Amino acid sequence: MNCLVDGNIPPSSGLSSSSALVCCAGLVTLTALGMNLSKVELAEICAKSERYIGTEGGGMDQSISFLAEEGTAKLIEFSPLRATDVKLPSGAVFVIANSCVEMNKAATSHFNIRVMECRLAAKLLAKHKGLQWNKVLRLEEVQAQLGISLEEMLSVTEDALHSDPYSPEEICMCLGISLDELRTQILSQNTRDGNLVLKDHGLLEQDGEAAPYQ
């Protein structure tokens with residue numbers, strides 16, 4: 001299959017140019033193969049596909065690309081993927097702008113570091129509460145297994161984690177694993193060195209979308 005790609009979304013600008021390309025490629029491939037998938041299935045496949053470039057991305061951009069409807073916002077949730085209509089106020093206007101500040105997520109570790117911080121925070125919290133931490137990937141899984149509210153989850157986080165950056169050695173000590181196991185079984189290739197911040201105000205908010213398909 002030969003494809004010509006063209007577009008006018010500024011790359012590396014936070015406007016989802018890469019997701020737009022992946023979603024378009026997914027639709028073209030389905031058409032070429034004569035296949036049919038639901039919008040939810042296609043969104044999930046595209047979210048997984050985009051991670052092959054090495055970015056531990058979520059699925060929000062791909063999901064809204066396929067599930068958006070005119071005249072309504074969408075509350076997007078994962079595990080499983082679902083979208084709920086959110087009525088907008090009369091006359092509401094969204095401004096989408098290019099800030100002209102570039103961030104090449106595929107060429108840096110910034111994005112992946114945040115995903116790893118959320119993942120490791122979940123594992124340390126699970127270990128702290130006596131859960132099977134090696135099976136846990138997301139903070140929402142810890143909350144669900146504990147059967148507690150978001151406010152209670154925040155309290156658990158305050159008790160179990162400190163605000164100073166964690167070194168790889170400290171993480172290994174907390175989990176009872178070797179440095180080699182941490183680097184090869186948990187961390188991604190470009191997040192294996194340096195310290196990680198496992199507790200801050202945005203941690204729980206970002207966890208749900210950061211890596212819903214891992």
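Begin by selecting helix 1 and helix 2, which are oblique to each other because their angle falls outside the ranges for the other classes, where under 35 degrees counts as roughly parallel, over 145 as roughly antiparallel, 65 to 115 as roughly perpendicular and the rest as oblique. Helix 1 covers residues 17–33 and helix 2 covers residues 39–50, and the two pack at an angle of about 125 degrees with their axes 9 Å apart. Here an axis is a line fitted to C-alpha atoms, for helices over the stretch in contact, and angles run from 0 to 180 degrees between N-to-C directions. Helices (H or I, at least four residues) and strands (E, at least two) are DSSP runs, numbered from the N terminus.

Before going on, note that this is a predicted model, in which local features need pLDDT of at least 70 and side-chain atom pairs count only at pLDDT 80 or more, while totals for chains, interfaces and linings use all residues. Residues are numbered from 1 along each chain as its sequence is written, and side-chain values use heavy atoms, with hydrogens and water left out.

Staying with this pair, show the side chains of S18, S19, V22, C23, G26, L27 and L30 on helix 1 and of L42, C46, S49 and E50 on helix 2, which make the contact (contact means heavy atoms within 4.5 Å). By class, this contact has 6 nonpolar, 4 polar and 1 charged residues; Ala, Val, Leu, Ile, Met, Phe, Trp, Tyr, Cys and Pro count as nonpolar, Asp, Glu, Lys and Arg as charged, and the others, Gly among them, as polar.

Next, keep helix 1 and add helix 3, residues 60–67, where the axes come within 9 Å and cross at roughly 50 degrees. Helix 1 and helix 3 are therefore oblique to each other. Their contact is made by S19, C23 and L27 of helix 1 together with D61, Q62, S65 and F66 of helix 3.

Now zoom out to the whole protein, whose secondary structure comes to 9 helices and 2 strands, running from the N terminus as α-α-α-β-β-α-α-α-α-α-α. Of its 214 residues, 33% count as buried, where buried means under 20% relative accessible area, exposed over 50% and partly exposed in between (1.4 Å probe, protein chains only).

Which residues have the most contacts inside the largest nonpolar core? Select L120, V142, I171, L175, L182 and L198, which hold that place in a core of 26 residues. A nonpolar core is a set of buried Ala, Val, Leu, Ile, Met, Phe, Trp, Tyr and Cys residues joined through side-chain atoms within 4.5 Å. The elements that give two or more residues to this core are helix 4 (110–128), helix 5 (139–146), helix 6 (150–160) and helix 7 (168–175), and helix 4 gives the most, with 8 residues. A second, separate core of 11 residues includes V22, C23, A43 and F78.

From the largest core, pick out I171, which is found in helix 7 and counts as buried because its relative accessibility is 1%. Leaving aside residues up to four places away in sequence, I171 touches L120, L124, Y166, L182 and L196.

Finish at E117 in helix 4, which is buried, with a relative accessible area of 8%. Select L187 as well: the C-alpha atoms of E117 and L187 are separated by 9.4 Å, although the two residues are 70 apart along the chain.
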